[in-house]
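Hi everyone, thanks for making time for this. I'd like to walk you through one structure, so let me put it up on the screen.

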Amino acid sequence: MTAPESNQSVESLKDDIQRHVALTLGSDPFPPRKERYYLGLCYSVRDRLLGQWLETQRSYYDSITKRVYYMSLEFLPGRFLMNYIQALGMEEECREAVRDFGLDLDELLEEEWNPGLGNGGLGRLASCYMDSMATCKIPGYGYGILYDYGIFYQTIVNGYQHEGCDNWLRQDSPWVLRRGHFMFLINFYGRSEAYEDSAGHERFRWVDTESVMAMACDIMVPGHQNGHVTNMRLWKAISTRDFELEHFNRGDYIGAVQSKVESENISKVLYPNDTSPRGKELRLRQQYFFVAATFQDILRRFRKNNYSSFDCFPDQVAVQLNDTHPAISIAELMRILVDDEALTWETAWTICQKTFSYTNHTVLPEALETWSVELIGRMLPRHLQIIFEINRRFLDDVGKRFPGRVDLLRSLSLIAEDDGKQVRMAHLAIIGSHTVNGVAELHSKILKARLFKDFDNLYPGKFTNVTNGITPRRWLMQANPALSELIGSVIGNEWIHDLSHLSELAAYADDPEFQQRWQEVRKRNKKLLARYVLRKLGVGINPATLFDMHIKRIHEYKRQILNVLHVITIYNRIRSGSVAHHVPRTLFFAGKAAPGYLQAKLIIKLINAVGQAVNGDPAVGNELRVVFLPNYCVSQAEKLIPAADLSEQISTAGMEASGTGNMKFALNGALTIGTLDGANIEIREVVGEDNFFLFGHTEEDVHRLHSGGYDPVQIYESNIELKKALDMISTGFFSPEAPSLFRPIVDSLLAHGDYYLVLADYAKYVAEQARVSKCYEDPALWTRMSILNTANMGKFSSDRAIMEYARNIWKVSPLT
Ligand code: Z15
């Protein structure tokens, strides 16, 4: 595949770019203009992948193999162009081709808008998994929604987050292939009607529905230089003709257009809440819309192979539910099999359980999805009936196995009765699946021991773990070319498709010459980032300082506040001249807050206010700088992570299911300061205790403290530095114009019990940060630790994770 073919030459590439500029864009190729040539290059690269894509898709049909359907309401692929170029192995050719036109490839790449079709970790994980499915040649597809508006565009105005529209399709994307002929009808509302079939059996049908069409839009996901191109199919809502006609017939033209617009709203916008569903009707409509469209596509492919019976459906189809967002799939497949295909309930249920598997991504109680019975009953009346029937049979069974255990029935039921009747989507996903997995060892343990304990007792063996992973193609090769080259120069390039090869680097950890080259690369990355920050924010930062990064969604459980308290503490020490082992630091914060999450938005304001005070204080000089980078996204992460010295992974133990940013940092040679939470634990295990900065209460401690006896006020009273920092926040030191502005933050810590145990971990955190500084003062030690982090991160490749899913859950093997 890497053999130079004729269309891989620089000359053919140049011809194609100019041809596309002229004949696809209808633009004069002279003089070469950046935006036009960027698109010309996109189309030329796309041409070279399309053939491989068609061939891959054809090979699936020829071999009639079992396929995986990765269903996710979110994908965060990041920019495509470089990913496609490197997958084709054409980076040098592309550089040269555009250089001959007087252009710079790296500048062209910056023209591309990030497709923000996800919120954070969950969406990015889905994209890493697509990359690995393609690279490992696991036959399958990603399914989701093509939102017109992705995650909002964040700006910071006067220290506050402002949300803007992310109209990413404003310019037609060359990567989205619209399949206007692939349309499925999707129904909503109406009612379920009983009738008698010809054999005299009572059956049900869904009637008087409103409908909308789902149009397929495809995006290619190439494997790394293996000729395999996986498809990501995203649905877009298009109004139905019938729907319009009804109004037109009544002479109601405006009404017709209005209802058309309304139905197309389904795929209009991504909900911006990471880990906190809001129970909005349109969101449920999105979920069912994409589920119903995907199942019509799955059935279309299944039928094409002329199977005589549905019994072999699970031998052809594995459906992975990325969180509970697509969990209504279980009721949909039951409806199809029972109502449309006339299978018995028992047969249909067996097929369902053999088809689905479910990944849980959180144990935060507020994140567990429920939908009111009222809403489901109105929007999906037949599905509600099916859910009730699933529940009835399930509870019957539990009742027989555990007679008299009413408590058990209540805790396991699909229906929660506490605050109005609610359907618990996680329970539906668990009982409708053959396997349920958590995303890191600790997380999976918590699922079994706490959150879903009764289910685990009921179905021993159903719960399992697949620790998350990240793709080394994007997160090392593409994001960090300098480090990749250095690594390649000593151990070759096998690591790109087998990350365990990085372990060969360990032999060089103490080699002074290698250490020096390692430091040079890291220094260069830091300079590049400094230049970017200067360009974007007009703020000058010093690459000689320790780059300390806390970049992720803003959420109380991720404890950005703990970091801020440390910053204020250092600030106070500098001002009072009592700095022990201080190393000049630059603190980077980045991340979005859900627009309705007021506390998180106030945290952003506080970070910026502290930054303003610190950066503007002449007493601080170059000792400490705080920057908040607006609009964190995949391509910003690619710039930040390779320049980090220190990675902040400081969530309250037990609350971060896995984290994947933690893996990206360690892979790029940053050291982690972190709690025993999520995948941090496994990262520390492989990189070694000596190469990780650990602090804080354990998950068991947290559990105990939450059961009673925790007194944050007592900690506040007894720690002078902590008290001082909190008093400064609450009395307006950082907000002189509005002294009580940050009171809600201090109140959550002191008056409302400090649920996230910030105060409980403060002292240990500050002490461990001092150890960080001390290590940083010894470059040979730090560099050794850094190299050993990269060297030992092989386990965290998403290739490893995907192969575990394939072998243990999906039962599919790679194509040969
Ligand atoms: C999300 O990004 C995550 C969990 C969720 O329940 C939702 Cl709705 C969104 C994250 C976890 O917080 C993070 O720990 C994990 O690494 C990531 O999913 C991928 O599993």
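Let's begin with a single pair of residues: E193 has R205 as its bridge partner in β7. Before I go on, please keep in mind that this is a predicted model. E193 and R205 belong to a bigger pattern, in which strand β6, residues 191-196, runs antiparallel to strand β7, residues 202-207, with 6 bridges between the two. Together β6 and β7 make a hairpin, and 5 residues separate the strands. If you look at the turn, you'll find G200 there, with a positive phi of about 85 degrees.

Now for another piece of strand pairing. Here we have an open sheet of 3 strands, in the order β12-β14-β13, and the pairing is antiparallel. Which strands sit at the edges? They are β12, residues 370-372, and β13, residues 415-416, each of which pairs on one side only. Between β13 and β14, the latter covering residues 422-424, the antiparallel pairing runs over 2 bridges. One residue pair to click on there is A416, whose bridge partner in β14 is Q422. As a general reminder, the strands of a sheet pair through backbone hydrogen bonds.

On to the ligand, which I suspect is what you came for. There are 17 residues around the ligand, and L122, H361, N468, E656 and G659 come nearest. By class, the shell splits into 5 nonpolar, 9 polar and 3 charged residues.

What about polar atoms facing the ligand's oxygens? For L122, a polar backbone atom is 2.9 Å from an oxygen atom of the ligand. D274 uses its side chain instead, with a polar atom 3.0 Å from a ligand oxygen. With A657 we are back to the backbone, where a polar atom lies 3.3 Å from an oxygen of the ligand. As for cover, the ligand on its own has 460 Å² of accessible area, and the protein covers 96% of that.

Why do we say that the ligand lies between two domains? Because domain 1 (64-79 + 114-467 + 803-810) and domain 2 (479-796) both contribute residues to the shell around it.

Last stop, charges. Searching the whole structure turns up 52 salt bridges. One of them joins K14 and D100, with the closest N and O atoms 3.1 Å apart. K14 is in helix α1, residues 10-24, while D100 is in helix α4, residues 91-100, so this pair ties together parts that are 86 residues apart in sequence.

That's my tour, and I'm happy to take questions.

Conventions:
Residues are numbered from 1 along each chain as its sequence is written. This is a predicted model: local features need pLDDT of at least 70, side-chain atom pairs count only at pLDDT 80 or more; totals for chains, interfaces and linings use all residues. Side-chain values use heavy atoms; hydrogens and water are left out. A residue is near a molecule or strand if one of its heavy atoms lies within 4 Å of it. A polar contact is a pair of N or O atoms within 3.5 Å; within protein, one must be able to donate a hydrogen and the other to accept it, and residues adjacent in sequence count only if both atoms are side-chain atoms. Accessible areas come from the Shrake-Rupley method with a 1.4 Å probe; for residues, only the protein chains shown count as cover. Ala, Val, Leu, Ile, Met, Phe, Trp, Tyr, Cys and Pro count as nonpolar, Asp, Glu, Lys and Arg as charged, and the others, Gly among them, as polar. Domain bounds come from an automatic or database domain assignment. Two strands pair if DSSP finds at least two bridges between them. Helices (H or I, at least four residues) and strands (E, at least two) are DSSP runs, numbered from the N terminus. A salt bridge is a side-chain nitrogen of Lys or Arg within 4 Å of a carboxyl oxygen of Asp or Glu.
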